[in-house]
Amino acid sequence: PRLVLRGHTHALMFVCVSEELGIVLSGDVHGHVIIHSICDGSMFRSRTDRWISRAVITSCGEIVSYSRRNSRVYVDTINFGSIAELTCPRTFVCDAMIATSDGRVVALGSRSGVVELRSTWDLTLLYEYPPLDSAVTSMVLSADETVLFVGLSSGKLHAFSVDREPLRERYVIPNVVNSKAPWYIL
């Protein structure tokens with residue numbers, strides 16, 4: 001192997017790689033989250049206070065994570081500085097997530113078959129797809145990010161259209177003048 005990343009003593013729940021940022025984010029069943037360097041395998045940061053069970057790294061260097069223990073979604077910097085947090089209903093157990101390539105939107109999929117698109121700026125709900133008949137287990141975006149493929153525990157695969165126009169109308173950053181300007185638009 002090119003690198004052996006050490007630090008976890010329990011089974012891993014997730015691994016995220018950001019080639020652009022040169023980091024690997026991993027989390028174990030006891031909520032221990034570690035950020036390693038891709039270059040030499042050294043440990044950058046470590047966190048044990050949130051019991052994170054799912055996470056993604058955005059291209060902007062933000063970590064969007066979900067804690068099953070307290071049913072919360074967090075957005076943090078790679079230095080673990082808090083940006084936003086959201087308490088989810090207890091019926092929403094997030095088992096899949098994916099971020100858009102620009103890092104402005106994250107899709108969350110739950111055991112109850114709910115798929116939501118949320119802003120990484122403040123976790124505002126941008127769009128919710130019609131509920132599905134079984135738990136969401138995986139998600140992936142097409143290369144042009146116009147289709148969201150959602151895998152279900154029943155073995156079905158759903159393909160949803162991602163229409164950016166309605167999202168642009170909802171994506172207004174609070175207290176920012178002209179937040180619909182092109183550099184904020186999805």
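**Exercise 1.** In this predicted model, determine which residue forms a salt bridge with Asp76 and which parts of the chain the pair ties together.

*Solution.* Begin with the contact itself: Asp76 pairs with Arg50 in a salt bridge whose closest N and O atoms are 2.5 Å apart, which satisfies the cut-off of 4 Å. Next, place the two residues: Asp76 belongs to strand 7 (residues 72-77), whereas Arg50 sits in the loop between strand 4 and strand 5 (52-57), so the salt bridge ties together parts that are 26 residues apart in sequence. Then consider the surroundings, where both Asp76 and Arg50 turn out to be buried. Finally, widen the view: Arg50 and Asp76 are linked with Arg47 and Asp49 in a network of salt bridges.

**Exercise 2.** Decide whether Glu85 and Arg72, which form a salt bridge, are buried, partly exposed or exposed.

*Solution.* The closest N and O atoms of Glu85 and Arg72 are 2.0 Å apart, and the pair ties together strand 8 (residues 82-87), where Glu85 lies, and strand 7, where Arg72 lies. Because partly exposed covers values between 20% and 50%, Glu85 at a relative accessible area of 40% is partly exposed, and Arg72 at 26% is likewise partly exposed.

**Exercise 3.** Establish which strands stand at the edges of the open four-stranded sheet.

*Solution.* Start from the strand order, which is 1-2-3-4 with antiparallel pairing. Strand 1 and strand 4 (43-47) each have a single partner strand, so they stand at the edges, with one side of each lacking a neighbour in the sheet. Within the sheet, strand 2 (residues 23-28) and strand 3 (residues 33-37) are joined by five bridges, and Ser26 has Ile34 as its bridge partner in strand 3.

Terms used: Residues are numbered from 1 along each chain as its sequence is written. This is a predicted model: local features need pLDDT of at least 70, side-chain atom pairs count only at pLDDT 80 or more; totals for chains, interfaces and linings use all residues. Side-chain values use heavy atoms; hydrogens and water are left out. Two strands pair if DSSP finds at least two bridges between them. A salt bridge is a side-chain nitrogen of Lys or Arg within 4 Å of a carboxyl oxygen of Asp or Glu. Buried means under 20% relative accessible area, exposed over 50%, partly exposed in between (1.4 Å probe, protein chains only).
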